[in-house]
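Got the viewer open? Let's take a short walk through this one, stop by stop.

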2 protein chains.
Amino acid sequence: MWASAAGSRLSELQRSVALTYFKRHELFEVLTDSQLDILIDSVRQFDLQADDYLYHQHDHADSFFLLAEGQIKLSIIGVDGKQKVVEIVTPGKTMAEQVMFMPEQAYPLSAQAINNTTLYCISRNSCIQLIQENTEFCIRFLGKLCIRVDERLNEMISLTQETAGFRVAGYLVDLLPENSQDGYIIVLNTPKQVIASKLSIKPETFSRVMSSLTQKGIVRVKGREICVKDIEGLKAYK
Amino acid sequence: MWASAAGSRLSELQRSVALTYFKRHELFEVLTDSQLDILIDSVRQFDLQADDYLYHQHDHADSFFLLAEGQIKLSIIGVDGKQKVVEIVTPGKTMAEQVMFMPEQAYPLSAQAINNTTLYCISRNSCIQLIQENTEFCIRFLGKLCIRVDERLNEMISLTQETAGFRVAGYLVDLLPENSQDGYIIVLNTPKQVIASKLSIKPETFSRVMSSLTQKGIVRVKGREICVKDIEGLKAYK
């Protein structure tokens, strides 16, 4: 199943690095020190290179993941035989937690590394144990799933309702940290065709919108760096 | 907020009817008799007439619902100012449970009755209490949310990937009970324009697909009754 075998147990150094990632994640920050210790003991680490698959659609799902470094694209093969990107997972995010409690435990999407990527693998069993032991963790996990439903709903609405321009602008806005100032520089680590696929537009359309944003003085593009000169203009772009 | 005020407490008769609905729902069937008793004591009943709103998008959300009779459409107002139906809720289904544990407790969609409708309202507080008391209920609730994420994902994929014909056929297939035989009659209680909106197609397109299905001998339509003559043909229709 796994592109890189079964993942590896953590070394002492990896363990302390992992601990910092888990401690600052909203899902795991509610664990007691001893719960966190037990969890980290069961965690496996996956180091993937660009294009490596973590799992394929329909593979048996008995784990979810916390992404530490790199990017993962979640995709399906469309009716046209081409890969359609559904989500781009970025560092600090969990993925596939929404599969843990489904009757049919199978990954609904394929997961493939966009660049060099490190993930922590949390087993369903560890997850169930924590849910049973820690009500706050359970509530956080429920919250995570509720947000996931909402995200999918918003994507669905976006796909039926919004223009390509609005989607591209919205994608860039989502990359801005809270309270960003005009002049903030986004470094685009995700290939253009992956972003275009996620937004259900053609790569040419993505380029056309970026040109229009540049002409309007909203952004300035230099290689992979996008300087957002006018955040309000970006938010209002349609 | 509510079209019909705050709902009503259950009479003795209503209580015993409600009990049957809750007992046969996969979410609540794991409750003990005493947990179910306490839950039913806190449940409120809403009886809506066609077009009544249960709540509007962005209303404060402190309850979710079990639909007993009738149909509810969940919708947003699209960028064109028209109502866009996102989901049609049918008897025996819960709705809005995915809002209970979100940081921002607001309904993401409006809920409006399609026809005469009876719902049971379960408060967030009752829900939290049950989650804390009953691990199996908690796991079922998590499962419910996982399925909801998957449903939204599939809808999203359908909207970007599938033809209008495939979507209409898929909608009809979903209305067939398991192990249906050729000749099964579906009674379409949902107005055509509501179904079309949910499938993100025009009502004319819906009619055109129905004509094509009729011409191909896959269905026979008589008023609101659709006789599915060839279930495999319907499943394969694109």
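Start by selecting A:Asn179: this residue is exposed, with a relative accessible area of 69% (exposed means over 50%, buried under 20% and partly exposed in between, using a 1.4 Å probe on protein chains only). A:Asn179 sits in the loop between helix H5 (164-175) and strand E9 (184-187) of chain A; helices (H or I, at least four residues) and strands (E, at least two) are DSSP runs numbered from the N terminus. Check its backbone too: A:Asn179 has a positive phi of about 60° despite not being a glycine. Most residues other than glycine have a negative phi.

Before moving on, a word on what you're looking at: this is a predicted model, where local features need pLDDT of at least 70 and side-chain atom pairs count only at pLDDT 80 or more, while totals for chains, interfaces and linings use all residues. Residues are numbered from 1 along each chain as its sequence is written, chains are lettered from A and ligands numbered from 1 in the order written, and side-chain values use heavy atoms, leaving out hydrogens and water.

Next, jump to B:His58, in the loop between strand E2 (53-55) and strand E3 (63-69) of chain B. Here's another non-glycine with a positive phi, about 80°. B:His58 is exposed as well, at 61% relative accessibility.

Now show both chains and colour the interface. How many residues does each chain bring to the contact? Chain B gives 36 residues and chain A gives 36 residues, with contact meaning heavy atoms within 4.5 Å. Together the chains bury about 3,300 Å², 83% of it on carbon and sulfur atoms (buried area is the accessible area, 1.4 Å probe, that two parts lose on being put together, summed over both). Pick out B:Val149, B:Met156 and B:Gln161: they supply 19% of the area chain B buries against chain A, more than any other three residues.

Looking for salt bridges across this interface? The rule finds zero, taking a side-chain nitrogen of Lys or Arg within 4 Å of a carboxyl oxygen of Asp or Glu.

Stay on chain B and select strand E5 (83-89), helix H3 (124-133) and helix H4 (135-161), each supplying at least two residues of the side that touches chain A. H4(B) gives the most, with 20 residues.

Last stop: superpose the chains. Chain B lies on chain A with an RMSD of 0.0 Å after a turn of 180° and a shift of 0.0 Å along the axis, using least squares on C-alpha atoms of residues with pLDDT of at least 70 in both copies. The two copies are therefore related as by a two-fold rotation axis.
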